[in-house]
Amino acid sequence: GLAASGAACAGGFGAAAPRGGTPYYRRGARSIAAYSPKPVHVMRGNHVGPEYAEYFGHADRAVFTENFTFIMLDNSERRFSDDTLRFFWETMALSETRNIIVSFHIPPPNRISGDSLSTAEWNRFEDAVGVWRNRICLMLCGHAHTYFEDEVDGIRLVVTGGGGANI
């Protein structure tokens, strides 16, 4: 399990709760606490309510290690807010590693699933990536109710398949 893995933390890419609301968040947070003594960073999904932050913290976050930087960005409303893109830029500027893993809930346009960000919204993110493109080694997403891998603009994409429902 996670407790014995030696991992400093973990990320959740599916849904910690099937829909927004305090009862679901409370149950999800209790399950996570029972499962892991380590921090678990839960990605904000598209079925969230206003109580999300109370149970799972900020939607945009980063974990820095010696070997990689892991960045979680909120695009749960099918867009990256200006604050999210600013957080991404500031985090990339702070990171000293060449191994950046970026995750967000709704995947970018890809060859496998049409349930993705719009091309226009993806282009906004691409503009933010700019000079750091060669440091991003992986994108991890949830949302889709299937597992798949693809390559998007030269970056490996893994969609975890845990989008909050049975696969």
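## Contacts around helix 5

Two parts of a structure are in contact when heavy atoms lie within 4.5 Å of each other. In this predicted model, the buried residues of helix 5 pack in this sense against strand 4 (69-73), helix 4 (82-94), strand 5 (100-104), strand 6 (136-141) and strand 7 (147-152).

## The two faces of helix 5

Helix 5 comprises residues 119-129, and its buried residues are Glu-121, Trp-122, Phe-125, Glu-126, Ala-128 and Val-129. When the helix is viewed down its axis, these buried residues fall within an arc of 160°, so they line one face of helix 5.

The face turned away from the buried side of helix 5 carries the exposed residues Thr-119, Ala-120 and Asp-127. After helix 5 comes Gly-130, which has a positive phi, near 40°.

## A salt bridge between helices 4 and 5

A search of the whole structure finds seven salt bridges. One pair is formed by the side chains of Arg-124 and Asp-82, with an N to O distance of 2.9 Å. Arg-124 belongs to helix 5 and Asp-82 to helix 4, so this pair ties together parts that are 42 residues apart in sequence. Arg-124 itself is partly exposed, with a relative accessible area of 25%.

## A salt bridge within helix 4

The side chains of Arg-86 and Asp-83 also meet in a salt bridge, at 2.5 Å from N to O. Both residues are in helix 4, and because they are three residues apart there, about one helical turn separates them.

How accessible is Asp-83, and is this residue counted as buried or exposed? Its relative accessibility is 51%, and residues over 50% are classed as exposed, so Asp-83 counts as exposed. Its partner Arg-86 has a relative accessible area of 42% and is partly exposed.

## A buried partner and a shared network

A further salt bridge joins the side chains of Glu-126 and Arg-133, at 2.6 Å from N to O. Glu-126, one of the buried residues of helix 5, has a relative accessibility of 15%. The limit for a buried residue is under 20%, so Glu-126 meets it. Arg-133, at 29% relative accessibility, counts as partly exposed.

Salt bridges can also share partners: in this way Asp-82, Glu-121 and Arg-124 are joined into one network. Within this network, Glu-121 is among the buried residues of helix 5, whereas Arg-124 is partly exposed.

Methods:
Residues are numbered from 1 along each chain as its sequence is written. This is a predicted model: local features need pLDDT of at least 70, side-chain atom pairs count only at pLDDT 80 or more; totals for chains, interfaces and linings use all residues. Side-chain values use heavy atoms; hydrogens and water are left out. Buried means under 20% relative accessible area, exposed over 50%, partly exposed in between (1.4 Å probe, protein chains only). Helices (H or I, at least four residues) and strands (E, at least two) are DSSP runs, numbered from the N terminus. The arc is that of the directions from the helix axis to the C-beta atoms. A salt bridge is a side-chain nitrogen of Lys or Arg within 4 Å of a carboxyl oxygen of Asp or Glu.
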